[in-house]
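Thank you for letting me take a few minutes today. I would like to walk through one model slowly, looking at how its helices sit against one another.

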Amino acid sequence: MKNQIIEAYFLYSKKISETLKPGIVALASVYFPDEWPNLITSTMEATKKNFSLIEPFLQLAHSLTERYSYESRSDPLYKEIIIVCDQLHDYLWQLASHLFPLCKSGDQNSLHTMKGCLLYTSPSP
């Protein structure tokens, strides 16, 4: 069921995806990483099939990790942060490596995608 929710998040319109996102975050807070170890990798796989899904992926990743900045320190939290970093760092590096040449190309669609991606990877003020 959890993987079907992820599929629906990427498959349906932005309005439906925004409705599903809090549910995914709530499920992740209970089941990730022990009972839902493929959460991050399954979301990354969706973007590899469709480049336009990068922005929703980054929005979801931000929502999933936002609590790291305010939640109390604990061993389970550190374990989760390490798992997420291990799973995301190569992917985000590859994403940046592909986006910056697109920026140089001047293509408006590429620039729009890059702008959206940067908005979700920038630190909050």
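**How the helices pack**

Let me begin with a crossing: helix 3 passes helix 4, and the crossing is left-handed. Please keep in mind that what you see is a predicted model. The axes of these two helices, 3 and 4, come within 9 Å and cross at roughly 165°. Since angles over 145 degrees count as roughly antiparallel, that makes helix 3 roughly antiparallel to helix 4. If you look for the residues that meet here, you will find Leu 39, Ile 40, Thr 43, Met 44 and Thr 47 on the helix 3 side, and Ile 54, Phe 57, Leu 60 and Leu 64 on the helix 4 side.

Let me pause at one residue. Is Thr 43, which belongs to helix 3 (residues 39–49), buried or exposed? With a relative accessibility of 2%, Thr 43 counts as buried, because the cut-off for buried is under 20%. If we set aside the neighbours within four places in sequence, Thr 43 is in contact with Ile 6, Phe 10, Phe 57 and Leu 60.

Turning to helix 4 itself, its buried residues are Ile 54, Phe 57, Leu 58, Gln 59, Leu 60, Ala 61, Ser 63 and Leu 64. We can also check its length: at 1.5 Å a residue, the 12 residues of helix 4 should span 16 Å, and the end C-alpha atoms are indeed 16 Å apart, so the two values agree.

Helix 3 has another partner to consider. The axes of helix 3 and helix 5 (residues 75–105) come within 10 Å and cross at roughly 15°, and these two helices are therefore roughly parallel to each other. Their crossing is right-handed. On helix 3 the contact is made by Ile 40, Thr 41, Met 44, Thr 47 and Lys 48, and on helix 5 by Val 84, Gln 87, Leu 88 and Tyr 91.

Finally, I would like to turn to helix 2 (residues 14–31), whose 18 residues should span 26 Å at 1.5 Å a residue, and whose end C-alpha atoms are 25 Å apart, which agrees. Where does the kink in helix 2 lie? A kink of about 30° is found at Leu 20, shortly before the proline Pro 22. The buried residues of helix 2 are Ser 17, Lys 21, Ile 24, Leu 27 and Ala 28, and what covers them includes helix 1 (2–11), helix 3 and helix 4 (54–65).

Definitions and conventions:
Residues are numbered from 1 along each chain as its sequence is written. This is a predicted model: local features need pLDDT of at least 70, side-chain atom pairs count only at pLDDT 80 or more; totals for chains, interfaces and linings use all residues. Side-chain values use heavy atoms; hydrogens and water are left out. Buried means under 20% relative accessible area, exposed over 50%, partly exposed in between (1.4 Å probe, protein chains only). Contact means heavy atoms within 4.5 Å. The expected span of a helix is 1.5 Å times one less than its number of residues. The bend at a residue is the angle between axes fitted to the seven residues ending there and the seven starting there. Axes are lines fitted to C-alpha atoms, for helices over the stretch in contact, and angles run from 0 to 180 degrees between N-to-C directions. Angles under 35 degrees count as roughly parallel, over 145 as roughly antiparallel, 65 to 115 as roughly perpendicular and the rest as oblique. A crossing is left-handed if the near helix is turned anticlockwise from the far one by less than a right angle, and right-handed if clockwise.
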